[in-house]
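Colleague: I'd like a close look at one part of this model, starting from a single charged residue and working outwards. Take me through it slowly, please.

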Amino acid sequence: MGYYRLKRSHIPIGQDDGIRILVDRLWPRGVSKAESRIDRWMKEIAPSPALRQWFGHRPERFAEFARAYERELETEETKQELVDELLSLSGVVTLLYAAKNERHNHAVVLCDFLRKIAERRSQEG
C-alpha cells in the first residue's frame, strides 16, 4: 500500500513526490501538461459536478460536503475502481489538486478516505 500525501498542482515537483496523480475533474489553469510530470489524471475520482457546485469551496459546508463525497467514493462504481487502483500503488503517492484552500477541498477528503481504507485493510490482514 502507498503512502498518500497532498500537494497543490501549482507547487513545483519535488524529488520525494513519488507517483503524481491529478485528482481534479478539470486541468488546473496555468499548469503546463508538458512540464507537470503528472503520472495519471484521475478526473473521474473527483466529486460529481453537482456536489462540487453545491460546495463552492465554502468552508462552512465542508463537513457536509466531505460526508457526501465519501458516499460517492463508496457507492459509485467508477470511483470505487479508482480507489482500488490508488490503494494498489506502493511507495509515495502524491494527490495533486488545484484548490487554493489547502484544508477545505476534495483532495483532503480523498486522502483521508484512502488512509482509512488502507489502515482497515492492513488490520484485516
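Modeller: Let's begin with Glu85, which is partly exposed because its relative accessibility is 29%. Here, buried stands for under 20% relative accessible area and exposed for over 50%, with partly exposed in between (1.4 Å probe, protein chains only). Before going on, two bits of small print. This is a predicted model, where local features need pLDDT of at least 70 and side-chain atom pairs pLDDT 80 or more, while totals for chains, interfaces and linings use all residues. Numbering starts from 1 along each chain as its sequence is written, and side-chain values use heavy atoms, leaving out hydrogens and water.

What does Glu85 do with its side chain? It meets the side chain of Arg40 in a salt bridge, at 3.1 Å from N to O. (That term covers a side-chain nitrogen of Lys or Arg within 4 Å of a carboxyl oxygen of Asp or Glu.) Glu85 sits in helix H3 and Arg40 in strand E3, so this pair ties together parts that are 45 residues apart in sequence. Those labels come from DSSP runs numbered from the N terminus: H or I with at least four residues for a helix, E with at least two for a strand. Arg40 is partly exposed as well, as its relative accessible area is 32%.

Now look at the helix that carries Glu85. H3 runs over residues 77-88, which makes 12 residues, and it reaches 17 Å from its first C-alpha to its last. That is close to the 16 Å expected at 1.5 Å a residue, where the expected span is 1.5 Å times one less than the number of residues. Which residues of H3 are buried? They are Lys79, Leu82, Val83, Leu86 and Leu87. If you look down the axis of H3, these buried residues fall within an arc of 140 degrees, so they line one face of the helix. (The arc is taken from the directions between the helix axis and the C-beta atoms.) Turn to the face that points away from the buried side, and you meet the exposed residues Glu77 and Ser88.

And what covers the buried residues of H3? Among the elements are strand E1 (2-8), strand E2 (19-22) and strand E3 (40-41). H2, strand E4 (91-97) and helix H4 (106-124) are included too. Notice that E3, the home of Arg40, turns up in this cover.

One name on the buried list of H3 may catch your eye: Lys79. Its partner is Glu72, and their salt bridge has the closest N and O atoms 4.0 Å apart. Lys79 and Glu72 are both buried.

How many salt bridges does the structure hold? There are 11 of them. Another one joins the side chains of Arg5 and Asp17, with 3.6 Å from N to O. This pair links distant parts of the chain, as Arg5 belongs to strand E1 and Asp17 to the loop between E1 and E2, 12 residues apart. Here both partners, Arg5 and Asp17, are buried. They also belong to a network of salt bridges that links Arg5, Lys7, Asp16, Asp17 and Arg20.

While we're in the loop between E1 and E2, have a look at Gly18, which lies there too. Gly18 counts as partly exposed because its relative accessibility is 43%. Leaving out residues up to four places away in sequence, Gly18 touches Asp39 and Val92, where touching means heavy atoms within 4.5 Å. Gly18 and Gly2 are 16 residues apart along the chain, and their C-alpha atoms are separated by 9.8 Å.

Last stop: H4, one of the elements that cover the buried residues of H3. His106 lies in this helix. Is His106 buried or exposed? It is buried, because its relative accessibility is 11%. Not counting neighbours within four places in sequence, His106 is in contact with Val23, Asp24, Ala46, Pro47, Phe65 and Tyr69. Two of those contacts, Phe65 and Tyr69, are themselves buried.
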